[in-house]
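This report describes selected features of one protein structure. The sequence and the coordinates are displayed first, and the description follows under short headings.

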Amino acid sequence: RAVAMSVSHSSRLNKLVREQYMRLPQDGLVQVTYVWIDGSGEGVRCKSRTLDKEPKSIEDVPEWNFDGSSTAQAEGSNSDMFLVPVCMFRDPFCLDPNKLVLCEVLKYNRKPAETNLRHTCKKVMDLVKDSHPWFGMEQEYTLLGINGHPYGWPDNGFPGPQGPYYCGVGADKVYGRDIVESHYKACLYAGVKICGTNAEVMPSQWEFQVGPCEGIEMGDHLWMARFILHRVCEDFGVVATLDPKPMTGNWNGAGCHTNYSTEEMRREGGLKHIEAAIEKLSKRHDYHICVYDPRGGRDNSRRLTGHHETSNIFEFSAGVANRGASIRIPRQVGQDGYGYFEDRRPAANCDPYAVTEAIMRTTVLNETGVETKDYADH
């Protein structure tokens, strides 16, 4: 019996008709799509403009503006916000020479908007650049039908228990692989440093990994990978949610595990530097939990229960090859004596700028307590 899947109306439009228009020449003109983070700290917005020639660097892309009162970022009486281009990618939807441009958002007075967490992250990354911090973030997400129900799940009821779905193969084990493979190819085309993907433990849940990226590049590339994911899902008529616990009950939540190393950790004997960093993190657990989701830890409290491959939100723990710990040292790193470690606490909907900045503040700048230092004058 054919089952009517819950997909959007626009995904059912005739894509062959669209293709006819997409093939039309542009006569040297270029479409640039500006992408930014909205007032929720989770959502992305975009709009496009025409430039008269292809930008060769980010400096060739002009600043722009938008109505912040419509994105929960400004009052209607003073609503213009600045879009400041910071990172440019190829456009996998409109193809070359068109571009996707990630932007910082500034308020009318040129101060960063409340959800522009890149601004302070960039300052911190500039301060610690000599330690050459590398990051790799594992972005878990869940595919939903347009009705908000996990894509491919029975309309009334649940699929079988977790077990056969992780890295699964087969129509009865994985749902939505077309979306995942399209997203992967689109990221490769765009120049996003995507390095892998796999089906996750809960059916309809997937993961992609971005990295290794150095410093501010981590946040830039993960945010663009998220934008591309939402845009690909739009074409297929489904929704990708980054909710850390999209389904209550005996189902895995969704995280954004963050792999991290400095140059000294990657050298022979680096394990002692890894252990020193973990010791610093252990004394600042509450601060990190507060910045590892957009709601000060409330989202993560639904996920970090001590079950389903998570640590308890109230306790800090670390161990070799332990997926139930706050910090996991990979077995190979324990054997080699150098490498990296994995912070398993960040929620799927974390801001990567906030996560990477917090890790650097604690492990390299040696901050303690819940307050952060303002380095603006240094």
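## Environment of E342

E342 is buried, with a relative accessibility of 1%. The model discussed here is a predicted one. E342 belongs to strand β13, which spans residues 341-343. Leaving aside residues up to four places away in sequence, E342 is in contact with E138, H257, T258, N259, S326, I327 and R328.

With respect to H9, the C-alpha of E342 lies at a distance of 41 Å, and 333 residues separate the two in sequence.

## Domain organisation

The domain assignment of the protein gives two segments: domain 1 covers 7-114, and domain 2 covers 123-362. Taken over C-alpha atoms, the centres of domain 1 and domain 2 are 26 Å apart. To the contact between them, domain 1 contributes 23 residues and domain 2 contributes 26 residues.

## Packing of α2 against α10

Helix α2 comprises residues 118-127 and helix α10 comprises residues 352-363; their axes come within 9 Å and cross at roughly 35°. The crossing of α2 and α10 is left-handed.

On the α2 side, the contact involves R118, T120, C121, V124 and M125, and on the α10 side Y353, T356, E357, M360 and R361. By class, the residues of this contact between α2 and α10 are five nonpolar, two polar and three charged.

## Cysteines

How many disulfides does a search of the whole structure find? The search returns zero. C167 takes part in no disulfide, and the nearest cysteine sulfur, which belongs to C195, is 14 Å away. C167 is partly exposed, with a relative accessible area of 43%.

Why does C233 form no bond with C187? The cysteine sulfur closest to that of C233 is the one in C187, and C233 remains unbonded to C187 because the separation of 11 Å is too far for a bond. A disulfide would require the two sulfur atoms to lie within 2.5 Å. C233 is buried, at 1% relative accessibility, whereas C167 is partly exposed.

## Cis peptide bonds

The peptide bond from D96 to P97 is cis, with omega near 10°. P97 is located in the loop that runs between β4 (80-90) and β5 (99-106).

A cis peptide bond is also present from G211 to P212, where omega is near -5°. P212 is part of strand β8, residues 205-214. Thus P97 is placed in a loop, while P212 is placed in a strand.

## Positive phi angles

H132 is a residue other than glycine with a positive phi, near 45°. H132 sits in the loop between α2 and β6 (134-144). Is H132 buried or partly exposed? At a relative accessibility of 30%, H132 counts as partly exposed.

H308, which is not a glycine, has a positive phi of about 55°. The loop that holds H308 lies between α8 (298-301) and β11 (318-320). The relative accessibility of H308 is 23%, and H308 is therefore classed as partly exposed, since this class begins where the buried class, under 20%, ends.

Key
Residues numbered from 1 in each chain as written. Predicted model: local features only at pLDDT ≥ 70, side-chain atom pairs only at ≥ 80, totals over all residues. Heavy atoms only, no water. Axes fitted to C-alpha atoms, helices over the stretch in contact; angles between N-to-C directions. Helix = DSSP H or I, 4+ residues; strand = E, 2+ residues; numbered from the N terminus. Left-handed = near helix turned anticlockwise from the far one by under 90°. Contact = heavy atoms within 4.5 Å. Nonpolar A, V, L, I, M, F, W, Y, C, P; charged D, E, K, R; others polar. Buried < 20%, exposed > 50% of the residue type's maximum accessible area, 1.4 Å probe, protein only. Domains from an automatic or database assignment.
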